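Here is a short walk through one protein model. Keep the sequence and the 3D view at hand.

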Amino acid sequence: TETVKTEEKGVEKDGETTATTTTEVKVYPNPTVNVVNVEAEQMSHVEIYDNEGRVLQNRDTYDVSRVTLDLSYYPSGIYYVRVHTPNGITIQKVVKR
């Protein structure tokens with residue numbers, strides 16, 4: 001399991017600086033055969049892209065902290081999972097065998 005942290009730096013607003021916030025994004029198993037799980041608090045959207053940048057799947061994920069994506073319909077290769085959270089966007093590479 002690879003965990004990537006998306007970090008939002010403190011932002012100055014009305015003379016005060018907000019605290020830095022971090023979101024952990026987990027994508028597993030990697031490599032995978034059929035499915036990949038995506039975990040992150042407050043994720044709003046998840047997308048899967050192929051190596052040529054085509055969107056293969058996209059899903060709104062409001063109010064869930066875990067999503068299972070089915071890659072069984074796609075050939076072996078490299079794919080990218082893009083996860084949207086309030087702290088930004090994280091992209092992780094996934095290998096499908």
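The text below looks at a sheet and then at salt bridges. The model is predicted.

Start with the sheet. It is open and has 4 strands. Their order is β7-β6-β9-β10, and the pairing is antiparallel. Two strands stand at the edges: β7, residues 55-60, and β10, residues 88-96. Each has a single partner strand, so one side of each is left without a neighbour in the sheet. Neighbouring strands are turned by 15° against each other on average, direction ignored. As a rule, strands of a sheet pair through backbone hydrogen bonds.

Now take β6 and β9. Strand β6 covers residues 45-49, and strand β9 covers residues 77-85. The two run antiparallel, joined by 5 bridges. Here I48 stands opposite V81 in β9.

Side chains link these strands too. E47 and R82 meet in a salt bridge, at 3.7 Å from N to O. E47 lies in strand β6 and R82 in strand β9, so the pair links distant parts of the chain, 35 residues apart. E47 counts as buried, because its relative accessibility is 12% and the cut-off for buried is under 20%. R82 is partly exposed, at 25%.

How many salt bridges does the structure hold? There are 3. Two others involve R54. R54 meets D50 at 2.6 Å, N to O. R54 also meets E52, at 3.4 Å. Together, D50, E52 and R54 form a network of salt bridges. Their surroundings can be read from accessibility. D50 is buried at 9%. R54 is partly exposed at 49%. E52 is exposed at 64%.

Terms used: Residues numbered from 1 in each chain as written. Predicted model: local features only at pLDDT ≥ 70, side-chain atom pairs only at ≥ 80, totals over all residues. Heavy atoms only, no water. Pairing = 2+ DSSP bridges. Axes fitted to C-alpha atoms, helices over the stretch in contact; angles between N-to-C directions. Salt bridge = Lys/Arg side-chain N within 4 Å of Asp/Glu carboxyl O. Buried < 20%, exposed > 50% of the residue type's maximum accessible area, 1.4 Å probe, protein only.
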